[in-house]
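Trainee: Could you walk me through this structure, starting from its overall build and ending with its pockets?
Mentor: Happily, have a look at it first.

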Amino acid sequence: MFNAWSRRDRPPEEGAAAGLEGFAVDKTFLSSLKGILLETELALTFIIFICFTASISAYMAAALLEFFITLAFLFLYATQYYQRFDRLNWPCLDFLRCVSAIIIFLVVSFAAVTSRDGAAIAAFVFGIILVSVFAYDAFKIYRTEMVPRAAQGDQQ
């Protein structure tokens with residue numbers, strides 16, 4: 001009735017260890033253009049979060065939220081885990097992430113610069129740089145992922 005080896009006391013099987021391979025980081029993605037863009041966006045949102053924390057704490061939530069969203073996309077793309085969710089249109093989600101971040105950081109950056117605080121002005125400068133990085137990322141997504149799909153739909 002009681003087995004000497006319960007299920008939790010057994011050594012892990014090879015199949016169980018192979019299940020963790022889904023979270024292996026693809027190092028070629030991290031050095032690709034998309035990986036570098038996501039890493040740059042992540043670093044700049046963290047810098048802006050620190051600047052807003054030092055000056056105007058009311059705006060730090062926007063930077064923190066965008067930091068976590070970008071971190072999630074970086075994790076999903078770097079581990080290739082997004083391929084398991086094949087029903088989602090990932091290029092469209094990524095494009096909407098970039099466009100919403102552009103709008104949010106433009107509004108927050110221009111609102112923060114009115115305080116004339118040193119950290120808020122630094123957040124404004126980094127915010128404008130980040131908006132340009134997000135705009136380039138959105139442009140690349142649109143050109144490489146969305147336009148070819150629309151052209152394929154017209155041919156069929």
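The questions below go from the helices to the cores and then to the largest pocket.

Mentor: Two notes before we start. Residues are numbered from 1 along each chain as its sequence is written, and side-chain values use heavy atoms, with hydrogens and water left out. This is a predicted model, in which local features need pLDDT of at least 70 and side-chain atom pairs count only at pLDDT 80 or more, while totals for chains, interfaces and linings use all residues.

Trainee: What pattern does the protein follow along the sequence?
Mentor: Helices (H or I, at least four residues) and strands (E, at least two) are DSSP runs, numbered from the N terminus. The protein has six helices and zero strands. Read along the sequence, that gives α-α-α-α-α-α.

Trainee: How much of residues 95–113 is helix?
Mentor: The UniProt annotation "transmembrane region", from an unreviewed entry, covers 42–61, 67–83, 95–113 and 119–139; such annotations may be inferred rather than shown by experiment. For residues 42–61, the end C-alpha atoms lie 15 Å apart and the span is 75% helix. For residues 95–113, the end C-alpha atoms lie 27 Å apart, and the helix share is 95%.

Trainee: Which helix gives the most to the largest nonpolar core?
Mentor: A nonpolar core is a set of buried Ala, Val, Leu, Ile, Met, Phe, Trp, Tyr and Cys residues joined through side-chain atoms within 4.5 Å, where buried means under 20% relative accessible area with a 1.4 Å probe, protein chains only. The largest has 22 residues, and those touching the most other members are Ile48, Phe52, Ala63, Phe105, Leu130 and Phe134. Helices H3 (33–54), H5 (90–112) and H6 (118–155) each give two or more residues to this core. With eight residues, the top contributor is H6.

Trainee: Which residues of the 130s is Phe105 in contact with, leaving aside its neighbours within four places in sequence?
Mentor: Contact means heavy atoms within 4.5 Å. The partners of Phe105 include Thr45, Ile48, Ala62, Ala63 and Glu66. From the 130s, they include Leu130, Val131 and Phe134.

Trainee: Which helix gives the most to the lining of the largest pocket?
Mentor: A pocket is an open set of points on a 1 Å grid where a 1.4 Å probe fits, with protein on both sides within 12 Å along at least five of seven lines, and lining residues have an atom within 4 Å of a point. Of the 14 lining residues here, Lys34, Asp94, Ile141, Thr144 and Glu145 lie nearest the centre. H3, H5 and H6 each supply at least two. Giving five residues, the top contributor is H6.

Notes:
Buried means under 20% relative accessible area, exposed over 50%, partly exposed in between (1.4 Å probe, protein chains only).
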